[in-house]
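Trainee: Could you take me closely through one part of this model, a single strand and its pairing, and then set it beside a few other places worth a look?

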Amino acid sequence: MKADRQRRAPLYEALLRHMKRNPGNFHVPGHKQGRVFDGEGMRLFSSVLSIDLTELSPLDDLHDPAGVIAEAQALAAEAFGADETFFLVGGSTAGNLAAILSCCRPGDVLLVQRSSHQSVFHACMLAGVRPVYLGTRVDEKSGLDQGVDPEVLAEALGHFPEAKGVVVTSPSYHGVVQPVRRFADLCHARGIPLIVDEAHGAHFGFHPDLPPPAIRSGADLVVQSTHKMLPAMTMASMLHLRGKRIRRERLTRWLRILQSSSPSYPLMASLDLARRLVATEGRRRLDDVLSGLRGIRERIGAFRRLSESVGPLPQDPLKLSLESGTGTSGFRMAEWLESRDCFPELADHRRVLFTFSLARPGREEERLVRLLNELDEQLSGMPAASPLPHPEFERWRVGEDLTRWMDTSGTSVPLDEAVGRPSADMVLPYPPGIPLILPGERWTEERALFLRQVVDAGGRVRGISSVSPLRVSVLK
């Protein structure tokens with residue numbers, strides 16, 4: 001039976017069997033399963049070091065799986081609804097790179113959601129594609145990015161019938177879910193694949209109150225950061241493949257190129273165990289977590305100043321975005337919370353984001369509500385931030401040749417002097433890692449103001465020099 005198979009964790013079980021044999025270790029890594037390691041660090045690392053092994057015959061090979069890794073990946077495909085699943089030890093970044101490189105060659109047209117993660121644009125750069133950027137809608141009330149309008153995608157597909165594929169992100173960092181089924185229908189009518197960066201949606205499909213997963217909604221290739229929303233180790237991710245629109249041979253070749261030839265067995269084993277847990281206990285655990293979140297939301301509903309950001313599209317209930325009616329920035333609220341040892345996932349100029357998982361907060365749940373209640377009272381005395389509308393993107397437009405960035409050196413100028421000049425670098429608030437400006441895009445007054453206010457409010461930005469005055473790199 002499927003349920004019985006899902007109780008197995010073949011890779012993890014193989015690691016345990018090998019460890020119990022107490023074998024002679026005359027191979028890498030050099031710590032020899034923890035026999036030599038830093039004395040202080042050993043107390044924390046010892047149990048993981050015992051399974052930090054290499055490609056021994058009982059343990060299979062990620063790049064040519066025929067044993068326990070192949071079995072573990074097959075169980076993952078079954079659990080997540082894919083035809084085939086590949087373990088990733090380089091995070092969703094490795095998956096996004098392999099996905100785009102496997103379906104595009106230099107000069108090909110690829111339709112790309114402009115509010116994608118930086119790794120998608122890095123993939124476009126490496127693949128040498130001609131990107132066509134799809135603008136996204138922002139809900140006026142909540143300020144949340146609502147993703148690509150299906151009508152915009154249809155329009156762009158009509159203008160670029162030669163496109164080799166479409167790349168979208170769903171859910172967003174804040175949990176907003178796009179109409180993946182409609183996107184897939186539009187793509188498949190033209191015989192091209194839909195690639196979905198579902199980094200934050202690995203838990204979808206394991207409870208009826210959660211949105212449907214992209215792989216079961218018609219997507220051809222889906223990349224998930226298993227470590228983000230399921231209990232796997234950081235960087236441990238999965239790539240799910242379905243159908244024949246993406247050539248498996250090219251995909252596996254790029255995965256071999258992009259991923260380490262010495263993949264981490266603890267990371268891969270954590271994927272095996274995360275799949276087992278969500279497949280066998282996910283429904284029960286999510287029942288508990290969602291029940292707790294309903295209680296948290298009810299109590300927040302009684303607050304006077306804090307409220308949840310909710311847009312018109314479906315949202316992941318395990319993401320809780322809060323904003324202040326007083327105009328206090330999310331950066332300021334996060335600073336207040338962190339000073340009290342409560343660390344949210346993300347903050348921006350408007351809101352603060354809390355991420356939940358299969359682990360119910362338990363006693364932390366009561367502490368969180370108590371702190372939020374105190375924050376709600378304190379907001380009346382906190383300064384309001386200046387309104388900061390996010391720069392809007394066009395419905396769709398042909399993007400710059402990102403390969404120029406690889407060989408072009410820029411010159412550093414004060415931010416004010418950059419207006420009207422093309423950027424030589426990718427500049428992005430992190431998290432969420434969505435570029436404010438891409439190489440070749442021209443700085444505008446609007447973008448410069450947005451960046452300056454993000455920095456002034458305490459946001460972290462990659463691609464700038466934080467000395468005063470702010471400096472960015474522009475093309476010579």
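Mentor: What follows is a close look at one strand, and then at a buried acid and a surface patch. Bear in mind throughout that this is a predicted model. Strand β8 covers residues 221-224, with Leu-221 and Val-223 pointing one way while Val-222 and Gln-224 point the other way, and all of these residues are buried. On the one hand, β8 pairs with strand β7, residues 194-197, in the parallel sense over three bridges; on the other, four bridges join β8 to strand β9, residues 237-241, and here the two strands run antiparallel. Val-223 takes part in both pairings, since Asp-197 stands opposite Val-223, and the bridge partner of Val-223 in β9 is Leu-239.

Turning from the strand to a helix, Asp-376 lies in α13, which spans residues 363-378. Asp-376 is buried yet has no salt bridge, and the nearest side chain of opposite charge, that of Arg-305, is 4.3 Å away, where a salt bridge would need a distance within 4 Å. Leaving aside residues up to four places away in sequence, Asp-376 touches Phe-303, Arg-304, Arg-305 and Leu-306, so Arg-305 is in contact with Asp-376 because contact reaches to 4.5 Å.

The last place lies at the surface, where Phe-37, Leu-44 and Phe-45 make a nonpolar patch of about 320 Å². Of these, Leu-44 sits in helix α3, residues 39-49, and counts as exposed because its relative accessibility is 70%, with exposure set at over 50%.

Methods. Residues are numbered from 1 along each chain as its sequence is written. This is a predicted model: local features need pLDDT of at least 70, side-chain atom pairs count only at pLDDT 80 or more; totals for chains, interfaces and linings use all residues. Side-chain values use heavy atoms; hydrogens and water are left out. Buried means under 20% relative accessible area, exposed over 50%, partly exposed in between (1.4 Å probe, protein chains only). Lys and Arg count as positive and Asp and Glu as negative; His and the chain ends are not counted. Patches are made of residues with over 30% relative accessible area and no salt bridge: like charges are joined within 9 Å, nonpolar side chains (Val, Leu, Ile, Met, Phe, Trp, Tyr) within 5 Å. Accessible areas come from the Shrake-Rupley method with a 1.4 Å probe; for residues, only the protein chains shown count as cover. Two strands pair if DSSP finds at least two bridges between them.
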